[in-house]
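Visitor: I'd like to learn how to read a model like this one. Could you walk me through it?

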2 protein chains.
Amino acid sequence: MTLPSVAIQVNPSIYLKDPQSSDLGLKIIKGGIDLMETIGFEAFTFKKLGQEIVSTEASIYRYFESKHKLLLYLSSWYWAWMEYRLMFALANVDCAQERLKRSIRLISQEVKEDGNFQHVNEVNLHKVVVSESSKAYYNKEVDEDNEAGLYGAYKQLVSCVSDIILEIDPNYKYPHMLVSTVIEGAHNQKYFSEHLPRLTDILEGEDAITEFYLSMVLKALDLKE
Amino acid sequence: MTLPSVAIQVNPSIYLKDPQSSDLGLKIIKGGIDLMETIGFEAFTFKKLGQEIVSTEASIYRYFESKHKLLLYLSSWYWAWMEYRLMFALANVDCAQERLKRSIRLISQEVKEDGNFQHVNEVNLHKVVVSESSKAYYNKEVDEDNEAGLYGAYKQLVSCVSDIILEIDPNYKYPHMLVSTVIEGAHNQKYFSEHLPRLTDILEGEDAITEFYLSMVLKALDLKE
DNA sequence: GCATATATGATAGTAATACTATTATATTTG
DNA sequence: CAAATATAATAGTATTACTATCATATATGC
């Protein structure tokens, strides 16, 4: 069993047993991402995942009490990973406007493999987050899960970027709204570009989504360039 | 049986039998909206709906082949209804910028009852659309449904507002992205304000969501006011 | 090296879901 | 009044989303 050199921390209330603490746990994460990416959240079951990773339904249920909790885990891991990458992207960058631009780029751009975490295919995880993560909060358990702090990683990322906005303009009234609009919007536009292109405008050879949201944010804050 | 004086047209491929053509059909729509609003899409079943409207599971299946199609129907009805209201809001308004502002207000504001459709509680339908409608396209049937034209009403609304943007600035590169960002964003922010307030900024006594998106759009297009 | 604890596997069982099918009965229409 | 149609009533099926039990393999502490 190989533990990664850096470990992304996920709120322990999400799982019954830490999947980053065992071989089977790591296989559940890796296999869970790949299977969910392939067949989608609705068709995904622990029984199928058991077959995929050569284990059993019952064993997986010892790590997560439901597939909903597994989705929450994957989303949470993703947001914590994004924040970790954000810290790197902002390290030693002093200019607030430059910090903001780097943040918007990070949250709106395509994702690349990160060699630090062998048990996670980040490209597939990004696809899962784009296609499925809204189901982690668009359900009737949202208030209960929120009280248990299960959306903490997402809120923290939004808070980080909002703070940069407030550093630039302490009187701006809607920093969180602006940031969550960009994060959710970037996911939607990515999905639309692949499945409902009439709802977006994707131009060849350009990173249209990033360009759009970067410009939108700067203009919303009356900044140039 | 009372038919409404104006009928919202929904793509017939969504249903097996037109629910606007019979008493039971109207009860399915009305009861479906209210039950889905109460228990959420995941817990919603045709069996429970049958009990609610004093009919049976089997009878409801003669109108819709799945609850997914019923959700598509409700979403589609909602978008067609929004376009119908948009036509009224823009009637006899010539100034393109004023047309755009009215459009953004309409798609981002709270919804009120519309007396023209007795079989639909528009306030509840709006809640269903906010909480559940993204599940109508975030699933593995999306490409099939899209090819069958089942998202036509949504696309058409986006197209209408995009056309106003292009009238104001024919060179603007991202009209559809901007409009779908506002529509989806307004839904998200409404939901966040009720369940995940740290992801938004709601201020008392103001229509913060509309103010935010109106300002965002005008600035994105370099317009004043 | 052995007892013990722990992790996993194998198997079974349950209520509910998402349907399909059949038959009966009521209502409308020609 | 007969025939067509709509709805109700009932039953049945494979799958889902779990829970429970027991066996076995592996790791750990002494």
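Guide: We'll take the pairing of the chains, then their interface, then the DNA. Keep in mind that this is a predicted model.

Visitor: What rotation superposes chain B on chain A?

Guide: The general idea goes like this: two copies of a chain are related by a rotation about an axis and a shift along it. Here, chain B lands on chain A after a turn of 180 degrees with 0.0 Å of shift along the axis, and the RMSD is 0.0 Å. That is why you can call this the relation of a two-fold axis. In chain B, the C-alpha nearest that axis belongs to Lys219(B), at 2.9 Å. Both copies use the same surface, with 98% of the contact residues of chain B recurring in chain A.

Visitor: How many residues does each chain bring to the contact?

Guide: Chain B gives 54 residues and chain A gives 53. About 4,700 Å² is buried between them, and carbon and sulfur atoms give 58% of that area. On the chain B side, Tyr138(B), Met177(B) and Phe212(B) lose the most area to chain A, together 17% of what that side buries.

Visitor: And how many salt bridges cross the interface of chain B and chain A?

Guide: The rule finds four between the two chains. One to look up is Glu211(B) with Lys173(A), where the closest N and O atoms are 3.0 Å apart. For polar contacts, count 34 residue pairs between chain B and chain A, both partners being at pLDDT 80 or more.

Visitor: Which element gives the largest share of the side of chain B that touches chain A?

Guide: That's H9(B), with 14 residues. By class, this side of chain B has 25 nonpolar, 14 polar and 15 charged residues.

Visitor: Now the DNA. Which residues come nearest to DNA strand C?

Guide: There are 19 residues around the strand, and the nearest are Ser55(A), Arg62(A), Tyr63(A), Glu57(B) and Tyr61(B). Of the strand C atoms that come within 4 Å of the protein, sugar and phosphate account for 57%.

Visitor: Where should I look for side chains by a phosphate oxygen of DNA strand C?

Guide: Try Tyr63(A), which has a polar side-chain atom 2.7 Å from one. In Ser59(A), a side-chain N or O atom sits 3.0 Å from a phosphate oxygen of the strand, and for Lys67(B) that distance is 3.4 Å. Helix H3 (57-61) of chain A and helix H3 (57-61) of chain B are the elements that give two or more residues to the surface near DNA strand C. H3(B) has the largest share, three residues.

Conventions. Residues are numbered from 1 along each chain as its sequence is written. Chains are lettered from A and ligands numbered from 1 in the order in which they are written. This is a predicted model: local features need pLDDT of at least 70, side-chain atom pairs count only at pLDDT 80 or more; totals for chains, interfaces and linings use all residues. Side-chain values use heavy atoms; hydrogens and water are left out. Copies are superposed by least squares on the C-alpha atoms of residues with pLDDT of at least 70 in both. Contact means heavy atoms within 4.5 Å. Buried area is the accessible area (1.4 Å probe) that two parts lose on being put together, summed over both. A salt bridge is a side-chain nitrogen of Lys or Arg within 4 Å of a carboxyl oxygen of Asp or Glu. A polar contact is a pair of N or O atoms within 3.5 Å; within protein, one must be able to donate a hydrogen and the other to accept it, and residues adjacent in sequence count only if both atoms are side-chain atoms. Helices (H or I, at least four residues) and strands (E, at least two) are DSSP runs, numbered from the N terminus. Ala, Val, Leu, Ile, Met, Phe, Trp, Tyr, Cys and Pro count as nonpolar, Asp, Glu, Lys and Arg as charged, and the others, Gly among them, as polar. A residue is near a molecule or strand if one of its heavy atoms lies within 4 Å of it.
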